[in-house]
Structures are given as structure tokens and as C-alpha cells.
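Got your viewer open? Let's take a walk through this protein, one selection at a time.

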Amino acid sequence: MVVFEDGQIKKSDYRRFIIETETAKDDTRAMHQVITRRMKRWISDQNVEIGEIVGKFAYAPNLIVVDGGAPQVAAAERALLELGITDIAVVGLAKRLEEIWLPGNPDPIILPRNSEGLYLLQRVRDEAHRFAITFHRSRRSKIMLESLLDEIPNLGQVRRDALLKKFGSVAALRKCSMDDLSKLPGIGEKLAADIYDFLNNNFSEALN
């Protein structure tokens, strides 16, 4: 989920949500879950104050833009109403014809292609897509590295976890020289050689 403030990106308020597999298969269920989780956190933050510093969800958005049409908008609105939130507007932007959907409206609103309002909604939608794609690629890289480390002989769980945390992806680990690997805590020259050989021989073709 991305956030814009006064028409500008506000990355400090971006949030990533991992949805369980079955829910993720249904756009409307996933939408309902994300809105519910985000706004529950906002409600919770209203009651948390340390000195004069309020939580990051200190104020509610004026508008929630969802990626999709009437079903996705209905799911988002339902999540808000279930939490007792009635003063936040919801709209959906459907990509096929760039239609704008409002809750309960049977027909979409079509703005002129040169509309500044449409341009802003498109920017929000496209930034959300970019953010999501980056996140998914990062997760895939981490999963690949995790699977690969499981295959390396004599590499215990503690060292696997340390390598996974430090490098995060196969590509990042493969850039590390044997000498650099040997200097990592708990690795040593012998294990460094095993890791280096495994990465650069057994998997050289598959990972290029």
C-alpha cells in the first residue's frame, strides 16, 4: 500500500502486506483484509502516544484508491464500515478503460484523458504496482537463496540464517569472493570454499 500526501509520494508511510495463499487468490478478500489490517493499526495508534510523538498512523487518509472496479471498491468500503469508519472516501480505478468506480454506483465515472484528477489517480495506481512488483521480486530472491543454502553441505541452520539475513538474494551472495566469505563470523576458509564452489560451479548456469 502506497501513500500520497498533497499529491506527492510519502514513502515513509508505505506498507507491505503478506496475504495467505487462499485469500490472495480472491481479489476482493485480499482487498478487504489489507484495508482492515491497515485501518485497525490506525485505530490502535490513536490510543498510543509517547510524549508528544503520536504513532505513524496519526491521521486518517481523505481518500483510499483501490486497484479495480465495483467488487474491489465494495470490499474496501465493507472493511471500513465494519470498523465503524464512515468518513473516508473510497474510489476504484479499473485499468482496462481507466474507469473510476464509487461505492454503490452501478456505472463508472469516465474522466477526460487529459484530466489532472485522472492523472493523479493513475500515478497512485502505478506507484502501487511498482512497489508491489519490487516486493514480490525481493521475496522470490529470498526464497531462492533459502532453498539454495539448504543444499550446501556442512552449512548449519544458524549460518544459513546469518547468510540469508546478510545477503538476501542469490545474486548478492554470488558477488561475494571466497576471501570475503571466509571473513564472515562462523564461516572460515573451509566452509567459505564449499559455499563458493557450490554457488559458482553447481549452479553457474541456472543462476545466470
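## The whole chain

Of the 208 residues in the protein chain, 36% count as buried. Keep in mind that this is a predicted model. Switch to cartoon and you'll find eight helices and seven strands. Now show the surface: the accessible area of the protein chain is about 13200 Å², and 52% of that belongs to carbon and sulfur atoms. Contacts reach along the sequence, too: among those with a separation of 6 or more, 55% are between residues 24 or more positions apart.

## Stop 1: helix α5

Select residues 157-167, which is helix α5, and show the side chains. Which residues of α5 are buried? They are Arg160, Leu163, Leu164 and Phe167. They sit on the same side of α5, because they cover an arc of only 100° around the axis. The general rule is that an α-helix has 3.6 residues a turn, so residues three or four places apart point the same way.

Now turn to the other side of α5, where Val158, Lys165 and Lys166 are exposed. Before you move on, click Gly168, which follows α5 and has a positive phi, near 80°.

## Stop 2: the largest nonpolar core

Leu163 takes you straight to the next stop. Select Leu149, Leu155, Leu163, Leu173, Leu181 and Ile195: these have the most contacts inside the largest nonpolar core, which has 18 residues. Which elements give two or more residues to this core? Color α4 (116-150), α5, α6 (170-174) and α8 (188-202) to see them. The largest share, five residues, comes from α8.

For a close-up, center on Leu155. Leaving aside residues up to four places away in sequence, Leu155 touches Leu149, Arg160, Leu163, Leu191 and Ile195. Arg160 is one of the buried residues of α5 you selected earlier.

Apart from this core lies another, of 16 residues, among them Ile35, Val66, Ile85 and Ile88. Keep Val66 in mind, as it comes up again at the next two stops.

## Stop 3: helix α2

Select residues 27-45, helix α2, and pick out Met31. Is Met31 buried or exposed? Met31 counts as buried, at 16% relative accessibility. Not counting residues up to four places away in sequence, Met31 touches Val66, Asp67, Gln72, Ala75 and Ala76. You can also try the distance tool on the C-alpha atoms of Met31 and Glu77: these two are 46 residues apart along the chain, and the separation is 9.8 Å.

Arg38 is found in α2 as well. Despite its charged side chain type, simply check its cover: Arg38 is buried, with a relative accessible area of 8%. From the C-alpha of Arg38 to that of Arg15, 23 residues away along the chain, you should read 8.4 Å.

## Stop 4: a three-stranded sheet

Next, select β5 (63-67), β6 (89-94) and β7 (99-101). These three strands form an open sheet with mixed pairing, in the order β5-β6-β7. The edge strands are β5 and β7, each pairing on one side only. Look along the sheet and you'll see a twist that averages 30° from one strand to the next.

How do the pairs run? β5 and β6 are parallel, over five bridges, with Val91 in β6 as the bridge partner of Val65. β6 and β7 are antiparallel and joined by three bridges; there, Gly92 has Trp101 in β7 as its bridge partner.

Now show the side chains of β5. Ile64 and Val66 point to one face and are buried, while Leu63, Val65 and Asp67 point to the other and are not. That fits the general pattern: in a regular strand the side chains alternate between the two faces of the sheet.

## Stop 5: two loop residues with positive phi

Most residues other than glycine have a negative phi. Here are two to click that go against that.

Start with Glu98, in the loop between β6 and β7. Its phi is near 55°, a positive value in a residue other than glycine. Glu98 counts as buried, at 11% relative accessibility.

Then jump to Asp6, in the loop between β1 (4-5) and β2 (8-9). The phi of Asp6 is also positive, near 55°. Where Glu98 is buried, Asp6 counts as exposed, at 76% relative accessibility.

How values were computed: Residues numbered from 1 in each chain as written. Predicted model: local features only at pLDDT ≥ 70, side-chain atom pairs only at ≥ 80, totals over all residues. Heavy atoms only, no water. Helix = DSSP H or I, 4+ residues; strand = E, 2+ residues; numbered from the N terminus. Buried < 20%, exposed > 50% of the residue type's maximum accessible area, 1.4 Å probe, protein only. Contact = heavy atoms within 4.5 Å. Areas by Shrake-Rupley, 256 points an atom, 1.4 Å probe, with all protein chains shown as cover. Arc of directions from axis to C-beta. Core = buried A, V, L, I, M, F, W, Y, C linked by side-chain atoms within 4.5 Å. Pairing = 2+ DSSP bridges. Axes fitted to C-alpha atoms, helices over the stretch in contact; angles between N-to-C directions.
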